[in-house]
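Colleague: I would like to go through this model with you, one point at a time. Please end each reply on the value or name I ask for.

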Amino acid sequence: MTDAPMTLDRAAELRDEPGVLERLRGDARSRTIVVREGRLRVHDDALLRSPAAEIADAEAAEWALLGRDLDGAPLLLAAVPPIEDSLDAAPEETWLGVREVAPRLGAHDQQLLVEAVALAGWLRDARFCPRCGTAAELRQAGWSRRCPGCGAEHFPRTDPAVIVAVESPDGDRLLLGANARWGGRMHSCFAGFAEAGESLEATIHRELAEEAGVRIAGIRYLSSQAWPYPRSLMIGFRAVAADEDVRADGEEILEVRWLSRAEIGSALAGEGPVGLPGEASIARALIQDWYEERGSAASEHSRTESGATDASAPSERSASS
């Protein structure tokens, strides 16, 4: 699944140091990840790290401390303005989004990628106090803001969302849906944000009823994945349908479809009958996990059947006696 070990040191103990961003921007060892509108650049299958002094839009950027690199060097974030306001001469096609970049990166840079894009989005979107509208002051090396008008403190928000792989009551098929945003080109697991006052379990029951008309008989937590659109935590589950009566809502989900393990295997290999999410997503991991688990279960069942047959068959000695 998505349980890669955490390798990113966020250096949280430095955030309250006065003037830490200015000090680190002047440190020759520091490296900067530049994010522009949720996109960044890659070099040799690693996130491009630049000296702070070489950032073209340095004064217009929002700065933050991301942490320390694997060798201990300080890592900074520069969230720069949109392309029409940018001084950066890098070609537009070299700026890539999470879906394009993540599959090319190792575990450390994948964690850094999601942190940088999510934090850059918050720095861009949360410049003003939502309580009184006053421009808020950046604090804690880019990890909080304080409103000088009403004194409110604000922090980067993470929104919990469930994502669920639904299997048939007999466990032999997986239910996937085609989201309208993808124009029916891809089938995936079902997902939705938790609403105010709602538990994750309640969210699963509601989302599956709304999107696929399916009742759930059992839920099991599997894994989670931070996802920076905008600042989400995708919490992955496996659920068992109470029955096979399903229907798409026709608005958010265009089609729902039960797929056998053989069909899922073919889709994972890129051979249809449906398209699946990219390898960087937890949706893909949930589907792959079900496919491999059902394969292991089938192999175990086959061995058990074979063993039972051998044990029940009379030996040559007993047959002749």
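Colleague: What phi does Gly-213 take, just after α4?

Modeller: This is a predicted model, so the angle is a computed one. Helix α4 covers residues 200-212, and Gly-213 comes just after it. The phi of Gly-213 is positive, at about 60°.

Colleague: How far does α4 reach from its first C-alpha to its last?

Modeller: Helix α4 has 13 residues. At 1.5 Å a residue, 18 Å is expected, and the helix comes close to that. Its reach is 18 Å.

Colleague: Which strands do the buried residues of α4 pack against?

Modeller: The buried residues of α4 are Thr-203, Ile-204, Arg-206, Glu-207, Leu-208, Glu-211 and Ala-212. Charged side chains are thus in the list next to nonpolar ones, with Arg-206 and Glu-207 among the buried residues. The strands they pack against are β9, β10, β12, β13, β14 and β15.

Colleague: Asn-179 is in one of those strands, β10. Why is Asn-179 classed as buried?

Modeller: A residue counts as buried when its relative accessible area is under 20%. Asn-179 falls below that cut-off and is therefore buried, its relative accessible area being 7%.

Colleague: Which residue has its backbone nitrogen 2.9 Å from a polar atom of the Asn-179 side chain?

Modeller: Beyond four places in sequence, Asn-179 is in contact with Gly-184, Met-186, Glu-252 and Ile-253. The backbone nitrogen in question is not from that list; the 2.9 Å distance is to the nitrogen of Arg-181.

Colleague: Is Asp-69 buried or exposed?

Modeller: Asp-69 sits in the loop between β4 and β5. The cut-off for a buried residue is under 20% relative accessible area. Asp-69 has 9% relative accessibility, so it counts as buried.

Colleague: With which side chain does the side chain of Asp-69 make a polar contact?

Modeller: Leaving aside neighbours within four places in sequence, Asp-69 is in contact with Arg-31, Arg-49, Leu-75 and His-108. The polar contact between side chains is 3.0 Å, and the partner of Asp-69 in it is His-108.

Colleague: Which helix gives the most to the largest nonpolar core?

Modeller: The largest nonpolar core has 46 residues, and Leu-47, Leu-77 and Leu-113 have the most contacts inside it. The helix that gives the most to this core, with 8 residues, is α3. Residues touched by Leu-47 include Val-101, Leu-105, Leu-112 and Leu-113. The helix asked for, residues 107-125, is α3.

Colleague: What phi does Asp-44 have, in the loop between β2 and β3?

Modeller: Most residues other than glycine have a negative phi. Asp-44 has a positive one, and Asp-45, in the loop between β2 and β3, also has a positive phi, near 55°. Asp-44 counts as exposed because its relative accessibility is 66%, while Asp-45, at 45%, counts as partly exposed. The phi of Asp-44 is near 55°.

Colleague: What is omega for the peptide bond from Tyr-229 to Pro-230?

Modeller: Pro-230 is in the loop between β13 and β14. The bond from Tyr-229 to Pro-230 is cis, with omega near -10°.

Colleague: And what is omega for the bond from Gly-272 to Pro-273?

Modeller: Pro-273 lies in the loop between α5 and α6. The bond from Gly-272 to Pro-273 is cis, and omega is near 15°.

Colleague: Which are the edge strands of the open sheet with the order β6-β7-β8?

Modeller: The sheet has 3 strands, and the pairing is antiparallel. Strand β7 is joined to β8 by 2 bridges, and Arg-146 stands opposite Glu-153 in β8. Pairing on one side only makes a strand an edge strand here, and the two are β6 and β8.

Colleague: Over which residues does pLDDT stay under 50?

Modeller: The protein chain averages a pLDDT of 89, and 88% of the residues score at least 70. The stretch under 50 has 0 contacts beyond four places in sequence. Where pLDDT is low, the predicted coordinates should not be read in detail. The stretch is residues 309-321.

Conventions:
Residues are numbered from 1 along each chain as its sequence is written. This is a predicted model: local features need pLDDT of at least 70, side-chain atom pairs count only at pLDDT 80 or more; totals for chains, interfaces and linings use all residues. Side-chain values use heavy atoms; hydrogens and water are left out. Helices (H or I, at least four residues) and strands (E, at least two) are DSSP runs, numbered from the N terminus. The expected span of a helix is 1.5 Å times one less than its number of residues. Buried means under 20% relative accessible area, exposed over 50%, partly exposed in between (1.4 Å probe, protein chains only). Contact means heavy atoms within 4.5 Å. pLDDT is the predictor's confidence in each residue, from 0 to 100. Two strands pair if DSSP finds at least two bridges between them. A polar contact is a pair of N or O atoms within 3.5 Å; within protein, one must be able to donate a hydrogen and the other to accept it, and residues adjacent in sequence count only if both atoms are side-chain atoms. A nonpolar core is a set of buried Ala, Val, Leu, Ile, Met, Phe, Trp, Tyr and Cys residues joined through side-chain atoms within 4.5 Å.
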